[in-house]
Amino acid sequence: MTSHRLPRLPGQVALPEQRTEPSPVRLDRFNSAPTGEVTRALLTCCRSLRWVHRLADHRPYPDLGALLAAADEAAYDLTPADLAEALAGESLTPLPDGAYSAAHTALSAAHAAYESRFGHVFVISLDEFTPGEALDQVLAGIRSRLANDPEEERIVTADELRRLARGRLTRLVRQFAHEARPADTPRPE
């Protein structure tokens, strides 16, 4: 029988090999951009000023994972007032191109019922779904969440808002990384 233990080495501690993968997204531009520019950009991810200032003020971030962890932590710390502020800046989930009019009617009615029950727009992260699945996911999400009590829905909504912010933030950082640098700024080799 083969042992799965690491060999004892005199004077050394055996540790499993640690591999660090290089981040596919560089944060140089995000970390070095002026605070006002980053603040405006972060507001497109989440409309809570507390969340935005927390992320902008804690730059630089070593990698995307650290930035997303900070975004999650900031989202978990949102007060009910912060959450209301963020939700006030959200808009209805857009329908995919080519959706038929009955889908518009069903979605409008579902959104109206949700807003009437909970007092804010319905939010759902669709990052893990294909565009063709979006409409079904939104309708199913609204219908199932209409059964939640207000406190349960507040928790679900906060989590969906956090997930939305993560996806938007990932796309934002990629946009920052791909934006052209001014002509007088040398590119790193």
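## Salt bridges and cores in an all-helix chain

Asp72, Asp159, Arg162 and Arg166 are tied together in a network of salt bridges. Keep in mind that this is a predicted model.

Two members of that network, Arg162 and Asp159, sit 3 residues apart in helix H8, about one turn of the helix. Their closest N and O atoms are 2.8 Å apart. Is Arg162 buried or exposed? Arg162 is buried, because its relative accessible area is 12% and the cut-off for buried is under 20%. Its partner Asp159, at 30%, counts as partly exposed.

Helix H8 holds another pair with the 3-residue spacing, Glu151 and Arg154. Here both ends are partly exposed: Glu151 has 43% relative accessibility, and Arg154 has 34%. Then there's Asp28 with Arg26, where Asp28 is partly exposed at 32% and Arg26 is exposed at 54%. Side chains of opposite charge can pair when their charged atoms come close. The count for the model comes to 14 salt bridges, including these:

| Acid | Base | Closest N and O atoms |
|---|---|---|
| Asp28 | Arg26 | 2.5 Å |
| Glu151 | Arg154 | 2.8 Å |
| Asp159 | Arg162 | 2.8 Å |

Now for the overall fold. The chain has 8 helices and 0 strands, so in order from the N terminus every element reads as α, because the run is α-α-α-α-α-α-α-α. Of the 189 residues, 37% are buried. Roughly 12,100 Å² is exposed, with carbon and sulfur atoms supplying 54% of that area. Looking at contacts between residues at least 6 apart in sequence, 68% join residues at least 24 apart.

What about the nonpolar side? The largest nonpolar core has 34 residues, and the ones touching the most other members are Phe30, Leu42, Trp51, Leu55, Leu67, Leu169 and Leu172. Elements giving two or more residues to this core are H2, helix H3 (49–57), helix H4 (64–76), helix H5 (80–88) and helix H8 (150–178). Apart from that core lies another one, of 13 residues, with Phe122, Leu126, Leu139 and Ile142 among them.

Leu67 is a handy residue to click on. Leaving out residues up to four places away in sequence, Leu67 touches Leu27, Phe30, Leu55, Tyr61, Leu169 and Val173.

One more spot to look at is Thr39, in helix H2 (residues 35–42). Thr39 is buried, with a relative accessible area of 13%. Which residues does Thr39 touch, not counting those up to four places away in sequence? They are Val52, His53 and Ala56.

Definitions and conventions
Residues are numbered from 1 along each chain as its sequence is written. This is a predicted model: local features need pLDDT of at least 70, side-chain atom pairs count only at pLDDT 80 or more; totals for chains, interfaces and linings use all residues. Side-chain values use heavy atoms; hydrogens and water are left out. Helices (H or I, at least four residues) and strands (E, at least two) are DSSP runs, numbered from the N terminus. Buried means under 20% relative accessible area, exposed over 50%, partly exposed in between (1.4 Å probe, protein chains only). Contact means heavy atoms within 4.5 Å. Accessible areas come from the Shrake-Rupley method with a 1.4 Å probe; for residues, only the protein chains shown count as cover. A nonpolar core is a set of buried Ala, Val, Leu, Ile, Met, Phe, Trp, Tyr and Cys residues joined through side-chain atoms within 4.5 Å. A salt bridge is a side-chain nitrogen of Lys or Arg within 4 Å of a carboxyl oxygen of Asp or Glu.
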